[in-house]
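The following account leads the reader through one protein model. The sequence and the structure are shown first, and the explanation follows.

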Amino acid sequence: MLLKSFTAGNLPVEIYETRDEMGKAAAKQAAADLKEIIAKKGEAVAIFAAAPSQNEFLAELQKEDVEWEKIIAFHMDEYIGLPKEHPAGFANFLRAAIFDKKPFKAVYCLDGQNTAEAECERYTKLLTEHKPDIIFLGVGENGHLAFNDPPVADFHDPKKIKPVELDQVCRQQQVNDGCFASLDEVPKVALTLTMSLIMDCPYTVVVVPAPTKRNAIKNLIEGEITTACPASILKTHKHAKLFCDKDSGADFIA
């Protein structure tokens with residue numbers, strides 16, 4: 001059940017009773033956007049987020065009538081140096097969740113085993129050849145988008161992808177999400193698409209459930225547009241939509 005809908009800046013917000021309902025609504029929006037892009041271009045370049053927060057959305061998206069063979073897929077971040085087969089690797093997460101389940105035209109995964117410099121060069125070239133049309137985002141507990149944590153987020157970043165050090169809140173979130181058993185196991189460095197590239201995507205679907213994201217959603221919606229909450233910049237996007245459940249959106253349904 002839709003509990004509330006409103007707009008924050010340019011950003012439409014919908015809050016649902018359950019995570020499943022949130023995921024289904026976000027999937028329908030994503031499918032509609034993909035169909036529109038494919039109708040215009042003949043194909044769509046889509047960037048996917050890898051996190052447990054995306055589980056319901058990714059499951060529901062696969063039920064939609066989408067021409068997967070016309071979709072080129074990327075993902076937005078990856079740990080540097082994590083063992084290649086580690087289940088917490090974002091490419092591995094997305095392969096299991098969707099990439100290996102649908103007949104994509106192409107899938108380009110980040111390689112955390114490559115040197116940061118070489119991988120940034122390789123992925124920048126791919127993103128230049130295949131300009132992204134749509135991005136599916138989560139929001140971190142610290143308000144990050146991808147791995148653009150507050151200390152490293154730059155709304156005017158000249159790069160498409162860069163290596164970053166992960167802040168403590170971000171690394172602890174990976175433990176909170178059950179991806180790692182302890183903070184010591186969480187890598188300290190990663191590759192991330194930049195804020196500039198994220199905001200350049202013409203279509204954006206943002207999916208943010210769970211009580212751990214309540215403060216981030218409050219800051220996103222009510223706070224100033226600042227890198228202290230990188231996701232706050234979404235309020236300026238021309239074609240983004242935010243989907244929450246009653247836990248993440250609790251401050252706006254009383």
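**Buried rings and the fold around them**

Phe-48 and Phe-99 are both buried. The model in which they are seen is a predicted one. These two residues form an aromatic pair with an edge-to-face arrangement, in which the ring centres are 5.5 Å apart and the planes stand at 90° to each other. The pair joins distant parts of the chain, since Phe-48 belongs to strand β3 (residues 44–48) and Phe-99 to helix α3 (residues 90–99), with their positions 51 residues apart in the numbering.

A second edge-to-face pair is made by Tyr-79 and Phe-180, with 5.6 Å from centre to centre and 85° between the planes. This pair, too, links distant parts of the chain: Tyr-79 lies in strand β5 (residues 77–79), whereas Phe-180 lies in the loop between α5 (168–176) and β9 (189–193), and the two are 101 residues apart. Tyr-79 counts as buried because its relative accessibility is 1%, under the 20% limit that defines a buried residue. Phe-180 is buried as well, because its relative accessible area is 4%.

The two pairs belong to a wider set, for the count of aromatic pairs comes to 13. Ring pairs also connect Phe-48 and Phe-99 with Phe-57, Trp-68, Phe-104 and Phe-136 into a cluster.

From these rings the view may be widened to the whole chain. The protein has 7 helices and 11 strands. Its radius of gyration is 17 Å, close to the 18 Å that the globule rule gives for 254 residues, so the protein is as compact as a globular protein of that length. Along the principal axes, the C-alpha trace spans about 50 × 45 × 35 Å. Of the 254 residues, 55% are buried. Links between distant parts of the chain appear in the contacts too: among those between residues at least 6 apart in sequence, 78% join residues at least 24 apart.

Two alanines deserve attention for their backbone angles. Ala-146 is not a glycine, yet its phi is positive, near 50°. Ala-146 is placed in the loop between β7 (134–137) and β8 (161–165). Is this residue buried or exposed? Ala-146 is buried, because its relative accessible area is 6%, below the limit of 20%. Ala-210 likewise has a positive phi, of about 95°, although it is not a glycine. The loop that holds Ala-210 runs between β10 (203–208) and α7 (214–222). With a relative accessibility of 14%, Ala-210 also counts as buried.

The surface completes the picture. The protein exposes about 10800 Å², and carbon and sulfur atoms supply 50% of this area. Which residues form a nonpolar patch on the surface? Met-1, Leu-3 and Ile-253 do so, with about 250 Å² of accessible area together. Leu-3 is part of strand β1 (residues 2–8). With a relative accessible area of 31%, Leu-3 is partly exposed, and it can therefore join a patch, because patch residues must have over 30% relative accessible area.

Technical notes. Residues are numbered from 1 along each chain as its sequence is written. This is a predicted model: local features need pLDDT of at least 70, side-chain atom pairs count only at pLDDT 80 or more; totals for chains, interfaces and linings use all residues. Side-chain values use heavy atoms; hydrogens and water are left out. Patches are made of residues with over 30% relative accessible area and no salt bridge: like charges are joined within 9 Å, nonpolar side chains (Val, Leu, Ile, Met, Phe, Trp, Tyr) within 5 Å. Accessible areas come from the Shrake-Rupley method with a 1.4 Å probe; for residues, only the protein chains shown count as cover. A salt bridge is a side-chain nitrogen of Lys or Arg within 4 Å of a carboxyl oxygen of Asp or Glu. Helices (H or I, at least four residues) and strands (E, at least two) are DSSP runs, numbered from the N terminus. Buried means under 20% relative accessible area, exposed over 50%, partly exposed in between (1.4 Å probe, protein chains only). Rings of Phe, Tyr and Trp (its six-membered ring) pair if their centres lie within 6.5 Å; planes under 30 degrees apart count as stacked, over 60 as edge-to-face and the rest as tilted. The radius of gyration is taken over C-alpha atoms; the globule rule is 2.2 Å times the number of residues to the power 0.38. Contact means heavy atoms within 4.5 Å.
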